Amino acid sequence: MKKILITGKDSYIGTSLEKWLSQWPDKYTVDTVDMISDSWKEKDFSKYDVVFHVAGIAHVSSDPKLKNLYYKVNRDLTIATARKAKNEGVQQFIFMSSIIVYGDSPSNGVIDRNTVPKPSNFYGDSKLQAEEGIKPLENESFKIVILRPPMIYGKGSKGNYPRLAKLARKVPVFPDIDNQRSMLHIDNLCEFIKLMIDNKESGLFFPQNKEYVKTSEMVRLIADVHGKKIRLTKVFNPFIKLMYRIGTVNKVFGNMVYDKSMSEYDKGNYQLKDLRESILRTEGRH
């Protein structure tokens with residue numbers, strides 16, 4: 001029986017993992033702890049085998065006034081939690097970092113194992129500094145897993161996916177841009193984390209869906225799931241390409257993928273849901 005503590009009570013990823021692991025009640029017990037106040041410092045970590053640290057601030061604002069808060073939560077809280085876990089005998093610490101440590105988009109749109117992280121904002125930098133802060137804590141009895149997933153989506157998720165889904169249900173036409181994005185459905189992520197726990201892993205990992213996603217095709221698929229017809233057009237392409245410097249436009253239509261070899265895992269299959277099935281599940285049509 002593996003005892004797992006998830007930091008970040010009511011977080012989307014934490015709640016999803018707890019639900020996923022509940023399929024095997026004889027193998028896992030899961031608790032959560034709220035990290036908003038300092039009460040977590042009184043929590044007894046010694047009874048847990050694994051701490052999954054998902055607590056943090058997502059990239060919701062570029063307001064410079066929030067810069068210190070991002071570092072306090074995403075970096076300092078992560079390091080403090082990892083130290084407490086190590087000091088109290090936890091065997092494995094899993095940290096949710098992000099593809100954002102590479103910036104908005106690498107020069108050719110492809111990230112490989114030689115790509116050097118280059119955050120473009122303090123959200124990405126706070127995640128990268130957290131990674132660098134916890135690595136020295138690792139030893140044979142305290143294993144550290146760092147995950148750098150791409151955009152995570154699923155039923156109830158936040159971010160760009162629900163915005164695109166809303167558009168797909170409403171607009172009759174959508175730009176047909178030839179781009180590729182790495183994405184990760186929440187079920188595939190949860191299965192990957194389960195494998196990390198089962199196999200007592202340590203190291204840096206880059207889970208992603210089996211297929212790359214073309215934004216326009218994903219929007220067309222979402223519309224199709226809802227019985228809507230959407231026409232893809234290249235008419236807007238020149239205008240959109242001029243706007244690539246705008247962060248949101250680049251996130252939607254730019255290229256950003258992990259080389260697929262980085263995401264292979266030979267100790268179990270985590271890519272359980274293909275794109276179509278994941279869209280069906282996300283849109284509540286499965």
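This text follows the packing of helix α3 against helix α2 and then turns to one lysine, K194, in helix α5. The structure is a predicted model, and what is said below concerns that model.

Helix α2 spans residues 67-87 and helix α3 spans residues 122-134, and their axes approach within 9 Å of each other while crossing at roughly 20 degrees. Because angles under 35 degrees count as roughly parallel, α2 is described as roughly parallel to α3. The crossing of the two helices is right-handed.

On the α2 side the contact is made by K67, Y70, Y71, N74, R75, T78, I79 and A82, which meet F122, Y123, D125, S126, Q129, A130, G133 and I134 of α3. Sorted by class, the residues in this contact of α2 with α3 comprise eight nonpolar, five polar and three charged ones.

Helix α3 itself has 13 residues, and the distance from its first C-alpha to its last is 18 Å, close to the 18 Å expected at 1.5 Å a residue. Its buried residues are F122, Y123, G124, S126, K127, L128, A130, E131 and I134, and what covers them includes not just α2 but also the strands β4 (92-96) and β6 (143-147).

Elsewhere in the model, K194 lies in helix α5, which covers residues 186-198. K194 has a relative accessible area of 8% and is therefore buried, the cut-off for that class being under 20%. When its neighbours within four places in sequence are left aside, K194 is in contact with W20, L21, W24, K27 and Y28.

Key. Residues are numbered from 1 along each chain as its sequence is written. This is a predicted model: local features need pLDDT of at least 70, side-chain atom pairs count only at pLDDT 80 or more; totals for chains, interfaces and linings use all residues. Side-chain values use heavy atoms; hydrogens and water are left out. Axes are lines fitted to C-alpha atoms, for helices over the stretch in contact, and angles run from 0 to 180 degrees between N-to-C directions. Helices (H or I, at least four residues) and strands (E, at least two) are DSSP runs, numbered from the N terminus. Angles under 35 degrees count as roughly parallel, over 145 as roughly antiparallel, 65 to 115 as roughly perpendicular and the rest as oblique. A crossing is left-handed if the near helix is turned anticlockwise from the far one by less than a right angle, and right-handed if clockwise. Contact means heavy atoms within 4.5 Å. Ala, Val, Leu, Ile, Met, Phe, Trp, Tyr, Cys and Pro count as nonpolar, Asp, Glu, Lys and Arg as charged, and the others, Gly among them, as polar. The expected span of a helix is 1.5 Å times one less than its number of residues. Buried means under 20% relative accessible area, exposed over 50%, partly exposed in between (1.4 Å probe, protein chains only).
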